[in-house]
Amino acid sequence: MSTDNTQTFPEGAGNGDARTAASGPAASGIQDIAFATGHYSFDLAHLAEKQGIDVNKYYIGIGQEKMSLPAEDEDIVTMGAAAAQRIIDRNGTDGIRTLLFATESGIDQSKSAGVYVHGLLDLPREVRTIETKMACYGGIGALQMALGIVARNPEEKVLVIAADVARYDLETSGEPTQGAAAVAFLVQADPDILAIEPAQGVYTLDVQDFWRPNYRNTALVDGKFSVGAYLDALVGAWHDYRAHGGVDFDDIDWFCYHQPFTKMAVKAHVRLTEEAGTPLEKADAAAALAPTFGYNQQLGNSYTASIFLGFLALLDSDQEIPGERVGFFSYGSGAVSEFFVGVIQPGYRDHLRVQEHLGILDAREPIGYDQYRALHPGTFVEAQENFTTERRTRSPFRFEGVEEGSRLYGRA
Ligand code: CAA
């Protein structure tokens with residue numbers, strides 16, 4: 001663990017050293033964070049049984065146990081609104097002038113999903129609301145935009161939502177890595193949970209590893225190629241991070257990676273230690289990352305939300321980590337990636353929601369293979385005719401159906 005609390009950054013590099021914020025400009029970062037997910041859970045044991053393969057390919061090989069699935073009256077808007085409602089209930093709306101909604105699984109080509117959330121939560125009209133898109137990177141892109149807004153005016157707060165339904169074609173390599181979840185968090189100056197340091201490592205390369213044309217409900221992916229593209233992007237973002245004032249590998253206490261499946265993070269950590277630190281074997285890398293896995297193993301891939309669920313798992317774990325540095329690596333296929341670091345704030349535990357989060361996992365309704373198959377197509381691409389949805393969700397918000405091409409939402 002790092003003991004150096006006096007790390008400084010170059011003059012004018014951003015919001016000052018988060019660990020020494022008292023002597024410099026106020027650091028900004030995450031004040032509060034919560035998640036929501038779909039109504040159903042599907043154990044990968046059912047999928048393995050149907051496929052006639054050993055379930056340990058999923059439980060151990062890719063490190064996934066279950067996936068969440070939305071009910072037909074749920075989608076990214078209802079999940080995002082449910083997560084954001086928890087943030088508003090605790091913090092109010094004072095100072096929030098921007099709502100950023102990050103998603104890969106957008107429900108409209110024009111209107112931001114955030115505007116529907118804005119209406120459902122009855123937020124003040126004096127708010128700018130935007131959707132960000134770059135595959136799984138969109139959530140971290142939104143976080144960086146939020147930090148920029150807060151740096152410009154530390155009185156302002158930004159509500160960020162990252163929500164996705166990850167859906168691949170049946171009987172493809174991606175099928176066991178589907179999932180659904182939303183994370184909402186509040187970005188502000190002088191935060192109580194995570195202060196984000198100014199150095200950023202960024203990397204873009206035009207690669208065709210995972211994409212979803214407008215006419216498709218399901219993503220297309222070149223699975224093995226995407227793993228290599230992720231690892232190359234990690235190395236690229238890490239070197240850019242170091243070239244822009246980032247701390248040494250050994251000064252970072254925890255690593256939180258985008259987790260399309262949790263084993264991907266293990267591969268990434270092995271690669272990063274080869275590049276930057278003392279090379280770790282797979283088992284040691286897995287042990288070092290284990291506190292970040294709990295939620296994603298149960299929820300499946302949630303694209304933009306996945307990295308934040310890794311962070312939430314670390315926060316909600318029994319580790320006591322005030323003052324420690326967390327390195328974040330976000331990867332959005334296509335591909336854009338970023339590495340940056342945040343510092344856990346003293347007293348962060350007073351702001352957690354551990355029981356609430358465990359309750360959300362437990363409240364899901366388990367389903368078997370036939371029901372999973374029936375739910376798999378989803379509703380949004382084929383929704384060209386009017387329809388109403390069955391009432392299923394336990395979320396405070398419902399997707400009610402489609403009328404004259406408009407999606408209808410309401411309180412449950
Ligand atoms: N017990 C234990 N382990 C087993 C096993 C068993 N019975 N059977 C197989 N395994 C192991 C294999 O040895 C392998 O381990 P290693 O990766 O350590 O070699 C692991 O299980 C997976 O087996 P396969 O490589 O045969 O699996 P696959 O080819 O069927 O699927 C995948 C792997 C291609 C990555 C697939 O999960 C996929 O297509 N996923 C979707 C794409 C994806 O998530 N890519 C990640 C990077 S892109 C990104 O991050 C953006 C995003 O969110 C999509």
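Tyr303 counts as buried in this predicted model, with a relative accessibility of 1%. Buried here means under 20% relative accessible area, so the value for Tyr303 falls within that class. The residue belongs to the loop between α9 (294-299) and α10 (306-316). Although Tyr303 is not a glycine, its phi is positive, at about 45°.

A second residue with this backbone feature is Asp122, which is not a glycine and has a positive phi of about 55°. Its setting is the loop between α4 (113-120) and β5 (128-132). Asp122 has a relative accessible area of 67% and is exposed. Exposed means over 50% relative accessible area, so Asp122 meets that cut-off. Most residues other than glycine have a negative phi, and most peptide bonds are trans.

The peptide bond is the next topic. From Gly334 to Ala335 it is cis, with omega near 10°. Ala335 lies in the loop between β12 (325-332) and β13 (336-344). These two strands form a hairpin with three residues between them, and Gly334 takes a positive phi near 125° there.

**The sheet**

The hairpin strands β12 and β13 take part in an open sheet of nine strands, ordered β5-β4-β6-β7-β1-β8-β13-β12-β11, in which the pairing is mixed. At the edges are β5 and β11 (254-257), each of which pairs on one side only. From one strand to the next, the twist averages 25°.

Within this order, β13 stands between β8 and β12. Strand β8 (residues 194-204) pairs with β13 in the antiparallel sense over eight bridges. β12 and β13 also run antiparallel and are joined by eight bridges. Several residues can be placed against their partners in β13: Tyr203 is opposite Ser337, and Leu194 is opposite Ile344. Phe329 stands opposite Phe339 in β13.

How many of the nine residues of β13 are buried? Nine of the nine are, so the strand is largely enclosed by the rest of the structure. Both of its faces are covered. On one side the buried residues are Val336, Glu338, Phe340, Gly342 and Ile344, and on the other they are Ser337, Phe339, Val341 and Val343.

**The ligand and its surroundings**

The ligand has 26 residues around it, and those that come nearest are Lys57, Ser173, Lys224, Ser226 and Lys267. For three lysines, the distance between a polar side-chain atom (N or O) and an oxygen atom of the ligand is listed below.

| Residue | Distance to a ligand oxygen atom |
|---|---|
| Lys57 | 2.8 Å |
| Lys224 | 2.4 Å |
| Lys267 | 2.4 Å |

Taken alone, the ligand exposes 1100 Å², and the protein buries 75% of that area.

Which helices each supply at least two residues of the shell around the ligand? They are α2 (56-62) and α6 (223-243). The largest share of the shell, five residues, comes from α6. By residue class, the shell divides into 11 nonpolar, 10 polar and five charged residues.

Methods
Residues numbered from 1 in each chain as written. Predicted model: local features only at pLDDT ≥ 70, side-chain atom pairs only at ≥ 80, totals over all residues. Heavy atoms only, no water. Near = heavy atom within 4 Å. Polar contact = N/O pair within 3.5 Å; in protein donor to acceptor, adjacent residues only side chain to side chain. Areas by Shrake-Rupley, 256 points an atom, 1.4 Å probe, with all protein chains shown as cover. Helix = DSSP H or I, 4+ residues; strand = E, 2+ residues; numbered from the N terminus. Nonpolar A, V, L, I, M, F, W, Y, C, P; charged D, E, K, R; others polar. Buried < 20%, exposed > 50% of the residue type's maximum accessible area, 1.4 Å probe, protein only. Pairing = 2+ DSSP bridges. Axes fitted to C-alpha atoms, helices over the stretch in contact; angles between N-to-C directions.
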